[in-house]
Amino acid sequence: MPFEHKILEIEDKIQELKELADSTSFDVSGEIVSLEEQLREVISKTYNDLTPWERVNVARHPKRPVTSDYIQMLDDFVELHGDRTFGDDPAMVTGMATMGDRRFVLIGHRKGRTVKERLECNFGCAHPEGYRKAWRKMKLAEKLGLPIVCLINTPGAYPGIGAEERGQAMAIAENIIGMFSLKVPIVVLVIGEGGSGGALGIGVGDRVLMMEHAYYSVISPEGCAAILWKNGERSPEAAEALKLTSEDLTALGVVDEIIPEPLGGAHRAPAEAIATVKETLLRHLEELDGIPADELIRARRLKFRNIASIEGRFPVVSG
């Protein structure tokens with residue numbers, strides 16, 4: 001990424017010294033240790049000073065862990081397919097999951113890792129059948145008394161003509177309103193991109209979590225810049241205005257907890273990031289366990305009704 005040029009230069013120097021040490025008898029261990037310390041300092045400073053637009057680029061990093069990577073943290077996973085109406089959307093993965101002594105239903109956007117997989121999954125942009133598949137599995141979770149974990153990672157719902165013809169907006173709207181009444185705990189985690197209604201279609205939860213360098217927004221910065229200024233080059237300005245970072249959204253009350261990422265982002269240490277996510281999800285599932293259904297639903301509705309409320313501007317919502 002553009003802001004990582006200095007990091008790359010130091011990494012290249014370290015690699016050159018390691019190759020020199022392997023091919024000759026020169027002792028360059030001291031220089032390597034010094035450069036590695038310098039590298040950690042540069043990475044720390046760079047990632048502590050990221051702009052919102054740079055955060056968006058980190059969230060889109062091709063090596064960043066995606067839903068299929070997080071599935072590996074599960075002890076057992078049985079994928080469930082289809083919406084029993086039109087077909088099976090590969091951009092939305094659903095299934096029965098076990099993690100430790102916790103059983104739950106996992107729902108997540110699937111981007112794919114290779115070019116072929118990404119094309120098959122529309123780069124994580126789900127069709128209406130994907131959201132209907134997700135809703136059927138949520139209702140199954142409610143029937144079985146299992147909590148739900150949703151992993152959000154999409155630039156937005158698929159905008160094609162076919163998707164609109166099959167009721168894209170209605171599918172997302174039905175998911176949103178339906179999730180407010182589900183009688184089981186719901187934990188939502190934004191692992192990368194959280195774009196527009198495509199994210200909200202599985203985004204209503206008792207706990208909404210977010211990875212440190214993810215973003216969550218009503219629209220992508222590029223889409224915002226195109227609509228407001230007819231100029232894609234103003235995407236960095238749009239990212240700043242959208243307040244899409246984890247810190248901004250925590251301050252607004254949209255996000256309940258930020259999950260810290262390894263130094264330099266989750267793409268630099270995927271295993272460490274996945275282990276942190278596993279520990280955090282188990283903690284929240286434990287905290288929500290045993291809360292009566294009516295109390296869960298009431299608190300969930302109040303949470304979303306009061307997000308970003310401005311004192312004195314709107315009537316107080318009591319229930």
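1. Helix H3 and its surroundings. In this predicted model, the buried residues of helix H3 pack against helix H2 (29-48), strand S5, strand S7 (215-217), helix H10 (221-229), helix H11 (235-242) and helix H12 (246-252). The buried residues in question are Pro-52, Glu-54, Arg-55, Val-56, Val-58 and Ala-59, and it is worth finding each of them in the structure before reading on. Since six of the eight residues of H3 (residues 52-59) are buried, this helix is largely enclosed by the rest of the structure.

2. The largest nonpolar core. This core has 57 residues, and those with the most contacts inside it are Ile-107, Met-138, Ile-148, Cys-150 and Tyr-216. At least two of its residues come from each of several elements, among them strand S2 (92-99), strand S3 (102-109), helix H6 (128-144), strand S4 (148-154) and helix H13 (270-288). The largest share, six residues, is supplied by S5.

3. One residue of that core, seen in detail. If residues up to four places away in sequence are left aside, which residues does Ile-148 touch? Its partners are Val-105, Ile-107, Met-138, Ala-141, Leu-182, Val-184, Pro-185, Ile-186 and Val-187.

4. A second core. Separate from the core just described, there is another of 14 residues, which includes Ile-7, Val-42, Tyr-47 and Val-58. Val-58 is also one of the buried residues of H3, so a student can use this residue to link the present point with point 1.

5. The overall fold. The protein has 14 helices and eight strands. Its radius of gyration is 21 Å, close to the 20 Å that the globule rule gives for 319 residues, and therefore the protein is as compact as a globular protein of that length. Along the principal axes, the C-alpha atoms fill a box of roughly 70 × 50 × 40 Å. Of the contacts between residues at least 6 apart in sequence, 71% join residues that are at least 24 apart.

6. Burial, surface and charge. Buried residues account for 48% of the 319 residues, while the protein exposes about 15,700 Å², of which carbon and sulfur atoms supply 55%. There are 38 positive and 49 negative side chains, and the centres of these two sets lie 8 Å apart.

7. A charged residue on a helix. Is Arg-283, which lies in helix H13, buried or partly exposed? Its relative accessibility is 35%, so Arg-283 counts as partly exposed. The C-alpha atoms of Arg-283 and Val-208 are separated by 13 Å, although these residues stand 75 apart along the chain.

Definitions and conventions: Residues numbered from 1 in each chain as written. Predicted model: local features only at pLDDT ≥ 70, side-chain atom pairs only at ≥ 80, totals over all residues. Heavy atoms only, no water. Core = buried A, V, L, I, M, F, W, Y, C linked by side-chain atoms within 4.5 Å. Buried < 20%, exposed > 50% of the residue type's maximum accessible area, 1.4 Å probe, protein only. Helix = DSSP H or I, 4+ residues; strand = E, 2+ residues; numbered from the N terminus. Contact = heavy atoms within 4.5 Å. Rg over C-alpha atoms; globule rule 2.2 N^0.38 Å. Areas by Shrake-Rupley, 256 points an atom, 1.4 Å probe, with all protein chains shown as cover. Lys, Arg positive; Asp, Glu negative; His and termini not counted. Charge placed at Lys NZ, Arg CZ, Asp CG, Glu CD.
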